[in-house]
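Got a minute to walk through a protein model together? Pull it up and let's go.

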Amino acid sequence: MNTNYDIIIVGGGHNGLVCAAYLARAGKKVLVLERNAEVGGAAVTEEIAPGYRVSVASYLISLLLPEVVNDLDLPRHGYKVLGRNPSSFTPLPDGRSLLMGPDAALTHAEIAKFSQRDATAYPQYEAWLTRVAECIEPLLLEPPADLIPLPAHWRRRTWVQKLRELLRGRRLYQALRGMGDELPQTIELLTGAARPILDRWFESDALKATLATDAIIGAQQPISAPGTGYVLLHHVMGLAGGARGVWGYVEGGMGAVTQAMARAAVGFGVEIRCNAEVAEILTANGRASGVRLMNGDVLQAKALASNATAAVTFSRLLPAGALPASFTAAVQCIDYSSASMKINLAVSELPDFTCLPGKAEVGPQHRGTIHISPTLQYIERAYDDANAGRPSQAPILELTIPTSVDKTLAPAGHHIVQMFVQYAPYRLATGLHWDALREGFADRCIAAVNDYAPNFAASILHRQILTPLDIERRFALTGGNIFQGAMSLHQLFSMRPLPGWADYRTPISGLYLCGAAAHPGGGVTGAPGRNCALEMLRDL
Ligand SMILES: Cc1cc2nc3c(=O)[nH]c(=O)nc-3n(C[C@H](O)[C@H](O)[C@H](O)COP(=O)(O)OP(=O)(O)OC[C@H]3O[C@@H](n4cnc5c(N)ncnc54)[C@H](O)[C@@H]3O)c2cc1C
């Protein structure tokens with residue numbers, strides 16, 4: 001057994017695997033240590049009953065960088081995206097419904113059922129979001145420009161690093177300048193609240209509520225809170241689904257992405273060990289020198305990258321006193337609030353929606369994301385419950401049925417239904433505990449779908465429920481936050497994970513952050529892993 005490596009990666013989430021692959025491709029001897037029985041982090045497929053496989057947490061792809069797909073040659077390792085058309089379906093209590101997707105004519109006709117004005121405005125709204133996304137996306141491929149005037153003792157930089165910051169700052173400036181007259185609205189989108197933006201663009205509540213769900217995914221924020229605009233943008237970025245912002249399924253579930261990444265990494269010479277939880281990051285003379293595993297094994301390396309959250313990396317894996325007190329205090333301020341839950345179901349038949357009936361064949365209502373979120377008021381009320389420390393009385397649900405296009409996940413004729421639930425707050429009111437609420441709240445979510453598709457509850461054969469607490473326990477995601485830290489402006493770009501430390505480096509020399517905790521944050525992007533590897537190679 002080798003005990004000496006160039007680089008050890010703590011955590012085999014998709015970013016850890018991407019980071020490892022890039023480092024090994026450059027000739028480094030790399031070991032990935034994963035605490036779970038398999039790699040993949042929040043992007044894993046699991047059999048919940050014989051013959052029924054689900055994407056346990058993450059379930060759709062859009063943001064994965066084309067650079068990562070190509071550099072790791074992921075299609076050769078089994079990665080295949082299955083497009084969705086239509087990509088969304090919103091059933092409404094009054095018996096109407098809204099279908100939307102890459103088919104512009106269909107989307108126009110569907111929105112026009114609610115408002116002719118909105119049908120005309122929608123392509124312009126999409127075009128604007130595309131312009132903003134195209135302005136922002138290049139900035140995700142490198143460390144963010146850090147122009148914050150921090151005290152020198154917080155972060156010392158060489159003149160070469162300072163010059164790089166200036167060049168990145170120039171690229172940021174130029175990218176934003178590219179928005180021209182639209183810059184004020186762009187800044188509002190990047191920093192402000194989603195609701196006023198949607199209210200200005202559209203009049204139909206059904207359309208606004210459908211779009212607004214993108215703004216609250218993974219956040220414990222109401223749609224009227226600043227920061228939700230960026231989450232809205234985040235969810236229309238990326239091309240991995242086949243077209244901009246159209247999220248796709250991955251054949252075999254999201255685990256197929258990370259299995260492909262693992263195969264690519266191993267092909268480059270990476271060693272991967274599962275069931276290998278790191279108990280401590282070791283340092284010698286102020287430099288990261290290796291790890292001690294839970295089983296007592298000690299492994300040495302010239303450098304380490306952590307795929308774990310900043311809280312786990314800095315507060316749990318490093319001994320007290322290893323970091324400057326001001327840095328430790330800042331880590332304790334990171335916002336991990338979260339209100340997301342996942343329910344995965346095996347069902348004997350498709351949901352038969354009253355407003356668009358049909359269950360014998362897959363219909364347009366089954367292929368995309370099904371939004372149980374009929375009005376903006378419904379979303380605000382659902383948030384109010386969570387804010388008071390209770391799971392929403394009427395929760396917001398996003399259902400996906402991957403078996404509508406992927407035949408590898410369930411026996412013929414049967415289906416997988418995945419429900420992403422907001423708002424289910426990690427922090428509950430006094431006296432409440434998720435272990436007691438889990439089953440009852442899942443029943444409430446299922447009943448909410450049943451109101452629109454009366455055959456739904458009776459069709460369920462097996463279920464897997466992940467409360468925010470389960471998400472934390474299973475994936476070591478602090479506070480159950482699906483993005484390894486909230487995606488609000490104060491925790492994005494040069495502020496992620498902390499001001500002064502957004503270039504994947506940390507106050508411990510030789511220790512880097514390579515996961516969603518770092519720029520550009522959460523989602524299955526591969527960006528933090530790739531960027532971190534390139535920065536490490538620069539240093540090493
Ligand atoms: C319920 C849910 C739904 C989501 N839906 C989507 C979606 O549809 N599309 C999308 O793009 N994104 C989605 N996301 C977000 C996305 O999955 C994450 O942002 C992304 O997986 C983060 O990847 P990562 O590699 O940075 O970290 P993670 O996936 O969090 O992986 C970190 C890894 O480190 C390991 N680890 C931690 N501590 C240690 C230790 N001490 N020793 C060894 N190993 C350790 C963990 O076990 C884990 O495997 C979702 C997330 C969740 C939770």
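Here are some questions and answers on the fold, one helix, the ligand shell and one loop residue.

This is a predicted model, where local features need pLDDT of at least 70, side-chain atom pairs count only at pLDDT 80 or more, and totals for chains, interfaces and linings use all residues. Residues are numbered from 1 along each chain as its sequence is written.

Q: What radius of gyration does the protein have, set against a compact globule with 540 residues?
A: The rule for a globule is 2.2 Å times the number of residues to the power 0.38, taken over C-alpha atoms. For 540 residues that puts a compact globule near 24 Å. The protein agrees with this, at 23 Å.

Q: How much of the protein is buried?
A: Call a residue buried if 20 or more other C-beta atoms (placed from the backbone) lie within 10 Å of its own, exposed if 12 or fewer, and partly exposed in between. By that count, the buried share of the 540 residues is 53%.

Q: Where does helix H4 bend?
A: Helices here are DSSP runs (H or I, at least four residues) and strands are runs of E (at least two), numbered from the N terminus. A bend is the angle between axes fitted to the seven residues ending at a position and the seven starting there. H4 turns by about 30°, with Pro123 following within four residues of the bend, which sits at Tyr122.

Q: Which helices help cover the buried residues of H4?
A: The buried residues of H4 include Asp118, Leu129 and Cys135. Contact means C-beta atoms, placed from the backbone, within 7 Å. The cover includes H3, H5, H6, H8 and H9.

Q: Which element gives the largest share of the shell around the ligand?
A: A residue counts as near if its C-beta atom, placed from the backbone, lies within 6 Å. Of the 39 residues around the ligand, those coming nearest are Gly11, Gly13, Gly41, Ser58 and Gly515. Two or more residues come from each of H1, H11, strand S13 and H16. The largest share, 3 residues, is from H1.

Q: Is Ser115 buried, exposed or partly exposed?
A: Ser115 lies in the loop between H3 and H4. Leaving out residues up to four places away in sequence, Ser115 touches Glu203 and Ser204. Because 17 other C-beta atoms lie within 10 Å, Ser115 is partly exposed.

Key:
Contact = placed C-beta atoms within 7 Å.
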